[in-house]
Amino acid sequence: MQGILTTAEWSQLQNALDERRRAQYVRILGRDSLTLDLMFCGKCRAKIYRWHNKDTGKTYGRCRNELKRSEAAQPCNMPPIPYEMLREAVVADILMQRRSHRNSHDGRYPQAPG
Ligand SMILES: [Zn+2]
């Protein structure tokens, strides 16, 4: 080890470690999540993480570069998006893809509901 951290550097380090712990927490929560590997930020193309707000009890999708601002090379300013909205968007997207896949390859399958 070399040198002594200034107070600012020390708190920066603590923030980074804290953000990392938080990110791990989000990944564990999101393991069964439908959207986790499918959603990307429209602004910076980073992955969208599932994030639970303890104060409101609601779940949001947050851009990695916004959530892990202290670690991001280019911090993002995308606001958190209600998770249900993301889920609906992804489900709609998947159903649409399946529908067009079926239509183009095999018309015998019934249409997906909705
Ligand atoms: Zn972003």
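Biologist: In this predicted model, what makes two strands a pair?

Modeller: Two strands pair if DSSP finds at least two bridges between them. Strand β1, residues 48-53, and strand β2, residues 58-63, have 6 bridges in the antiparallel sense. They therefore satisfy the criterion of at least two bridges. One of the residues involved is Tyr49, whose bridge partner in β2 is Arg62.

Biologist: What lies between the strands of the hairpin of β1 and β2?

Modeller: The hairpin has 4 residues between its strands, and Gly57 takes a positive phi near 75°.

Biologist: How do you know that β2 and β3 pair?

Modeller: β2 and strand β3, residues 81-82, are joined in the antiparallel sense over 2 bridges. The cut-off is at least two, so this count meets it. Here Tyr60 has Pro82 as its bridge partner in β3.

Biologist: Why are β1 and β3 said to stand at the edges?

Modeller: The open sheet of 3 strands follows the order β1-β2-β3, with antiparallel pairing. β1 and β3 each have a single partner strand, so one side of each is left without a neighbour in the sheet.

Biologist: Which residues make up the largest nonpolar core, and what makes such a set a core?

Modeller: The largest nonpolar core has 9 residues, namely Met39, Ile48, Tyr49, Trp51, Tyr60, Cys63, Leu67, Tyr83 and Leu86. A set of this kind is called a core because its buried nonpolar residues are joined through C-beta atoms within 7 Å. At least two residues of this core come from each of β1, β2 and α3 (83-105). The largest share, 3 residues, is supplied by β1.

Biologist: Why is Lys47 called partly exposed?

Modeller: Lys47 has 17 other C-beta atoms within 10 Å. A residue with 20 or more would be buried and one with 12 or fewer would be exposed, so Lys47, in between, is partly exposed.

Biologist: Where is Lys47 placed, and which residues does Lys47 touch?

Modeller: Lys47 is in the loop between α1 (7-29) and β1. Not counting residues up to four places away in sequence, Lys47 touches Phe40 and Arg64. The C-alpha atoms of Lys47 and Arg62 are separated by 8.4 Å, with the two residues 15 apart along the chain.

Technical notes. Residues are numbered from 1 along each chain as its sequence is written. This is a predicted model: local features need pLDDT of at least 70, side-chain atom pairs count only at pLDDT 80 or more; totals for chains, interfaces and linings use all residues. Two residues are in contact if their C-beta atoms, placed from the backbone, lie within 7 Å.
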